[in-house]
Amino acid sequence: GGGLLESTYAAGFASKVKGAAMKPSGKEPLVSEENMILSYSPWKRALAPQLAHRRVLLVGDPRDKVLQVATSYGLKKAVHYQDYAKLHHTINPFRAAKEDGASHTAVANAAEGPIGSHSVGTAHFADDDDPFAAVLVMCDPYEWFEALQCIVDILCSPTPANSEYDASVPPVPVHFSNPDVLWKAQHPYARFGQGAFKIALRALYKTRLRSLRVPEEMHDDLLASSFRQWGKPTDATFRFLEERLREYCPPTSGQRVENFYMVGDNPASDIEGVRRANIFHKSQGNAVTWSGVLVQTGVYKEGDETNGATTTVHGVAEAVEWILKKEGV
């Protein structure tokens, strides 16, 4: 979703579809806010009601766009990680150095007081006593260091400005909207995505726990209780997709939608989600089936492992033709 509103993404997608049409019909593509589902769209129903009046840290950029999404979801106390770091300016020693064109070392720091002094930059703000209830990693942050530092601080204490580590409370849940380690951008080879950010966060959190002398045997339990994954291929996201698609296509003559199709370019997320969904529905004795259509316009290239995709095609147009033919349309 790139931190955009569903309505904004839908408008942009519709414009691209219309521009790519070989034979424009003059009709507007059937793409709207209601049927545009982004990786974080499930949060509006699943998380926002409980977090509406709770303090949450937003991670992702562009800042203004991400905050706009949070507001549209009803999150009234959302704080963007960059704003939090600016307010507590000693969180990121590199930000001030970058802005001033100076070194971040203690020797070069112009602040008064002995090296290692904690008396500088520790102003107390009213919100510091209000614990964070969650961290929402909506999309990729531009400033990895700053985002990682803020999240690790909050994982160690829900009131990180007041205490370094609070063992009396469970770690704050961190919700990730997308597990993709790699994604296809303009570069000829795949680039790191939010999944890579999660890997870095996991490693740094465990390192921080060791430095705080938290027993090693507790680390995995702390991670399991705090890291919450959304997006493809998670079960939560696929159940949400089924729910929304059924709302969009209400049952006729007592029959509800049972056949679903995933068109995607990533065997590890798109097709893996299909595989897991079929396992889930089979275990429940449901008649629901998912088919995975793998396109060669992104991560997947001809000859790669398909992860059991139902079929592979060159692009989206061919995928649509295959689906229509399979449905007898």
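**Exercise 1. How far can you trust the chain?**
Find the mean pLDDT of the protein chain, and the stretch where pLDDT stays under 50.

*Solution.* Start with the whole chain: this is a predicted model, and its mean pLDDT is 89, with 89% of the residues reaching 70 or more. Next, look for the weak spot. Over residues 113-122 pLDDT stays under 50, and the model has seven contacts beyond four places in sequence for that stretch. How should you treat a region like that? Where pLDDT is low, don't read the predicted coordinates in detail.

**Exercise 2. A pair inside one helix**
Work out where Arg95 and Glu99 lie, how their side chains meet, and whether each residue is buried or exposed.

*Solution.* First, place them: Arg95 and Glu99 both sit in helix 6 (residues 93-100), four residues apart, or about one turn of the helix. Second, check the side chains, which meet in a salt bridge at 3.3 Å, N to O. As background, side chains of opposite charge can pair when their charged atoms come close. Third, look at accessibility. Arg95 counts as buried because its relative accessibility is 14%, under the 20% cut-off. Glu99 comes out at 57%, so Glu99 counts as exposed, being over the 50% cut-off.

**Exercise 3. Two more pairs**
Classify the accessibility of each partner in the salt bridges Glu216 to Arg210 and Arg256 to Glu258.

*Solution.* Take Glu216 and Arg210 to begin with: their side chains meet in a salt bridge at 3.1 Å, N to O. Glu216 has a relative accessible area of 44%, so call it partly exposed. Arg210, at 39%, is partly exposed too.

Now for Arg256 and Glu258, whose salt bridge is 3.5 Å, N to O. Arg256 has 45% relative accessibility and is therefore partly exposed. Glu258 has 25%, so Glu258 also counts as partly exposed.

**Exercise 4. Zoom out to the network**
How many salt bridges does the structure hold, and which residues are linked with Arg45 in a network of them?

*Solution.* The total comes to 17 salt bridges. For the network, go to Arg45: salt bridges link Arg45 with Glu243 and Glu247.

**Exercise 5. What's around Lys206?**
Say which helix holds Lys206, which residues Lys206 contacts, and which side chain it joins in a polar contact.

*Solution.* Begin with the location: Lys206 is part of helix 8 (residues 194-211). Then list the contacts. With its neighbours within four places in sequence left aside, Lys206 touches His219, Asp220 and Leu223. Finally, pick out the polar contact: the side chains of Lys206 and Asp220 are joined by one of 3.4 Å.

Key: Residues are numbered from 1 along each chain as its sequence is written. This is a predicted model: local features need pLDDT of at least 70, side-chain atom pairs count only at pLDDT 80 or more; totals for chains, interfaces and linings use all residues. Side-chain values use heavy atoms; hydrogens and water are left out. A salt bridge is a side-chain nitrogen of Lys or Arg within 4 Å of a carboxyl oxygen of Asp or Glu. Helices (H or I, at least four residues) and strands (E, at least two) are DSSP runs, numbered from the N terminus. Buried means under 20% relative accessible area, exposed over 50%, partly exposed in between (1.4 Å probe, protein chains only). A polar contact is a pair of N or O atoms within 3.5 Å; within protein, one must be able to donate a hydrogen and the other to accept it, and residues adjacent in sequence count only if both atoms are side-chain atoms. Contact means heavy atoms within 4.5 Å. pLDDT is the predictor's confidence in each residue, from 0 to 100.
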